[in-house]
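Q: Please take a close look at one buried histidine and then follow its surroundings outwards. I am new to this structure, so give the cut-off of each term as it comes up.

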Amino acid sequence: YDNLNNICLVRFPLLVKDKVHFINFFDNLGFEIGSWFSKPISSNVLNNDFQYLSGSCINSEMICKHIINIPINEKISEIDFDFLLLNLKEYFSDPNQLNFLSKIYKI
């Protein structure tokens with residue numbers, strides 16, 4: 001929470017190797033992970049005019065396959081936040097996950 005600007009982020013986006021596996025991993029721990037960006041263009045009826053063609057935004061399509069959203073807001077307790085951090089460390093201790101992250105984030 002940013003007291004100066006009165007702003008509270010509600011989610012933190014992160015790219016992961018296997019979106020479904022990541023979501024299921026945390027779901028099994030009772031922690032809901034969001035997946036709001038599943039396509040470059042929303043399937044909302046109002047957006048049918050865009051007539052999006054698969055392959056026309058390859059970067060966006062790649063990101064949509066890998067992006068998840070970790071909920072972060074002022075209502076998450078310190079205990080839940082510590083639980084989240086502990087399990088993120090466990091999840092990303094897998095070398096396959098770290099190799100993916102290093103390619104994406106250049107770490």
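A: H66 is located in helix 2, which spans residues 58–66. Helices here are DSSP runs of H or I with at least four residues, strands are DSSP runs of E with at least two, and both are numbered from the N terminus. The model is predicted, so local features need pLDDT of at least 70 and side-chain atom pairs count only at pLDDT 80 or more, while totals for chains, interfaces and linings use all residues. Residues are numbered from 1 along each chain as its sequence is written, and side-chain values use heavy atoms, with hydrogens and water left out.

H66 counts as buried because its relative accessibility is 15%. Buried means under 20% relative accessible area, exposed means over 50%, and partly exposed covers the range in between, with a 1.4 Å probe and protein chains only. Leaving out neighbours within four places in sequence, H66 is in contact with L14, L15, V16, K17 and F100. Contact means heavy atoms within 4.5 Å.

One of these partners, K17, sits in the loop between strand 1 (11–15) and helix 1. At a relative accessible area of 39%, K17 is partly exposed. Apart from residues up to four places away in sequence, K17 touches H66, N96, Q97 and F100. F100 is thus a partner of K17 and also of H66. K17 and N96 are 79 residues apart along the chain, yet their C-alpha atoms are separated by 8.2 Å.

Helix 2 also holds E61. E61 is buried but has no salt bridge, and the nearest side chain of opposite charge, K65, is 5.7 Å away. A salt bridge requires a side-chain nitrogen of Lys or Arg within 4 Å of a carboxyl oxygen of Asp or Glu. For charge, Lys and Arg count as positive and Asp and Glu as negative, while His and the chain ends are not counted. With residues up to four places away in sequence set aside, E61 touches P40, Y52, L53, S54, G55 and S56.

Two of the partners of H66, L14 and V16, lead on to the largest nonpolar core. Its 12 residues are L14, V16, F22, F26, F31, I33, I68, I70, L84, L88, Y91 and F92. A nonpolar core is a set of buried Ala, Val, Leu, Ile, Met, Phe, Trp, Tyr and Cys residues joined through side-chain atoms within 4.5 Å. Two or more residues of this core come from each of helix 1 (19–27), strand 2 (67–71) and helix 3 (78–91). Helix 3 contributes the most, with 3 residues.

F92, a member of this core, lies in the loop between helix 3 and helix 4 (95–105). F92 is buried, as its relative accessible area is 13%. F92 and V16 are 76 residues apart in sequence, and 9.4 Å apart in space from C-alpha to C-alpha. F92 also belongs to an aromatic cluster, together with F22, F25, F26, F31, F83 and Y91.

The structure contains 9 aromatic pairs. One of them joins F31 and F83 in a tilted arrangement, 6.4 Å centre to centre with 35° between the planes. Rings of Phe, Tyr and Trp (its six-membered ring) pair if their centres lie within 6.5 Å; planes under 30 degrees apart count as stacked, over 60 as edge-to-face and the rest as tilted. The pair links distant parts of the chain, with F31 in the loop between helix 1 and helix 2 and F83 in helix 3, 52 residues apart. F31 counts as buried at 10% relative accessibility, whereas F83 is partly exposed at 29%. Residues up to four places away in sequence aside, F31 touches F26, P71, D80, F83 and L84.

A further long-range pair involves I72, in the loop between strand 2 and helix 3. I72 is partly exposed, with a relative accessible area of 22%. I72 and R11 are 61 residues apart in sequence and 5.0 Å apart in space, C-alpha to C-alpha.

For the protein chain as a whole, there are 4 helices and 2 strands, in the order β-α-α-β-α-α along the sequence. Of its 107 residues, 23% count as buried. Among contacts with a separation of 6 or more, 77% are between residues 24 or more positions apart.
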